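Colleague: Hi, I'm new to this one. Could you walk me through it?

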Amino acid sequence: MSPVTAPDPSVVAEAAERLRGAAHRTPVFHSTLLDEACGARVFLKAECLQRVGAFKFRGAYNTLSQLSEEERARGVITHSSGNHAQALALAARLFETEAVVVMPHDAPASKRAATAGYGARIVPCDAKEREAVCQAEIDAHGYTLVHPYDDPRIIAGAGTAARELLEDHPGLSLILTPVGGGGLVSGTSLAAAAHRAGGGACQVIGVEPEIADDARQSLARGEVVTLPEVPPTIADGLRTRHIGEHNLAVISEHLQAIVTVSEAAIVEALRLVWSRTKLLIEPSSAVPVAALLTGAVKAEGEVGVILSGGNVDPTTLSL
């Protein structure tokens with residue numbers, strides 16, 4: 001098997017054309033509070049206001065738009081604990097094809113309900129068995145897999161959020177994103193690479209929970225590292241045991257660094273964003289904000305943060 005290589009950064013611009021009129025161009029908010037806390041001008045890309053409430057719609061729609069008629073006719077399937085599940089369900093409805101989602105038993109009930117509401121058939125499973133259960137469904141029914149992150153089309157679609165942010169604020173010196181499976185951070189890295197090729201100077205740093213640092217370990221070792229158990233982080237969208245091969249190829253070439261933050265820092269950042277910016281984000285979105293507030297990332301100039309989603313489990317509101 002030949003080694004996986006990173007796609008050309010131009011794939012993000014191509015994805016942006018496919019998404020034109022389908023995905024929302026989400027607003028960018030400025031936070032004076034974060035400016036004062038970290039010593040830079042901070043701009044928040046509100047993907048919590050994207051269709052399905054998360055950036056994931058971008059990659060799902062971009063991928064389905066490139067499937068053949070025969071692939072779509074077989075129906076599509078994925079494994080996901082929430083946001084990608086909803087994204088695929090909606091994209092499949094728009095393309096008038098069947099969607100099946102293999103979802104762990106411990107997925108947030110709100111995300112499970114939303115996925116079913118978009119019309120997907122849900123197959124429950126234990127978290128560690130999601131990939132095996134997904135493959136069994138493919139073997140039995142012939143569904144087309146739309147992987148939640150390990151796919152160049154997913155990566156390119158995810159990168160369109162950062163592309164928009166850089167169009168609105170071309171002077172950004174840095175963009176921070178949360179890191180789960182790696183779709184958003186690798187797509188953002190490609191978008192920033194294209195921006196640098198055009199004369200910009202933007203770098204990208206990914207941020208993970210300390211107890212879910214598989215991507216940090218993978219980047220350091222140059223190979224995919226799999227955690228022994230599903231990490232019990234409050235950032236439920238980042239509970240992946242490993243990143244993808246395509247994602248690692250991209251970040252190995254284009255990402256500047258991955259840093260980590262504690263669970264306590266994530267909770268504090270979540271509370272601050274809710275109370276002071278009035279943006280209802282989910283815990284995963286608070287992870288890069290926590291890196292700014294704790295000083296894990298030393299920011300200067302103009303800094304962007306991708307607020308990846310806003311699908312909050314109601315139980316989280318009691319924090």
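Colleague: How much area does the chain expose, and what share of it do carbon and sulfur atoms supply?

Modeller: The chain exposes about 12,200 Å², and carbon and sulfur atoms supply 50% of it. Accessible areas come from the Shrake-Rupley method with a 1.4 Å probe, and for residues only the protein chains shown count as cover. Before we go on: this is a predicted model, where local features need pLDDT of at least 70, side-chain atom pairs count only at pLDDT 80 or more, and totals for chains, interfaces and linings use all residues. Residues are numbered from 1 along each chain as its sequence is written, and side-chain values use heavy atoms, with hydrogens and water left out.

Colleague: Good to know. How many helices and strands does the chain have?

Modeller: There are 13 helices and 10 strands. Both are DSSP runs numbered from the N terminus: helices are H or I with at least four residues, strands are E with at least two. The radius of gyration, taken over C-alpha atoms, is 18 Å, close to the 20 Å that the globule rule (2.2 Å times the number of residues to the power 0.38) gives for 319 residues, so the chain is as compact as a globular protein of that length.

Colleague: And what percentage of the residues count as buried?

Modeller: Of the 319 residues, 58% do. Buried means under 20% relative accessible area, exposed means over 50%, and partly exposed is in between, with a 1.4 Å probe and protein chains only.

Colleague: Let's talk about the sheet. In what order do its strands come?

Modeller: The 6 strands of this open sheet are ordered S1-S2-S10-S7-S8-S9, with mixed pairing. Two strands pair if DSSP finds at least two bridges between them. The edge strands are S1 (28–30) and S9 (257–261), each pairing on one side only.

Colleague: Which strands does S10 pair with in the parallel sense?

Modeller: S2 is one, over 6 bridges, and S7 is another, joined to S10 by 3 bridges. Val-305 of S10 is the bridge partner of Leu-44, and Leu-176 also stands opposite Val-305.

Colleague: Is S10 largely enclosed or open, and why?

Modeller: It is largely enclosed by the rest of the structure, because 5 of its 6 residues are buried.

Colleague: Over to the S9 edge. How many bridges join S8 and S9?

Modeller: S8 (residues 203–209) and S9 pair in the parallel sense over 5 bridges. Val-207 stands opposite Val-259 in S9.

Colleague: Which helix packs on the sheet, and what does it touch?

Modeller: Helix H8 (residues 152–168) does, touching S1, S2 (41–46), S7 (174–178) and S10 (302–307). Contact means heavy atoms within 4.5 Å. The direction of H8 makes about 150° with that of S10; axes are lines fitted to C-alpha atoms, for helices over the stretch in contact, and angles run from 0 to 180 degrees between N-to-C directions. Helix H12 (residues 263–277) lies across S2, S8 and S9, at about 90° to S9.

Colleague: New topic: what is the phi of Val-52?

Modeller: Positive, about 65°, although Val-52 is not a glycine. Most residues other than glycine have a negative phi. Val-52 sits in the loop between S2 and helix H3 (56–64) and counts as buried, at 7% relative accessibility.

Colleague: What about Lys-278, buried or exposed?

Modeller: Lys-278 is exposed, with a relative accessible area of 65%. Lys-278 has a positive phi of about 65° too, and lies in the loop between H12 and helix H13 (283–294).
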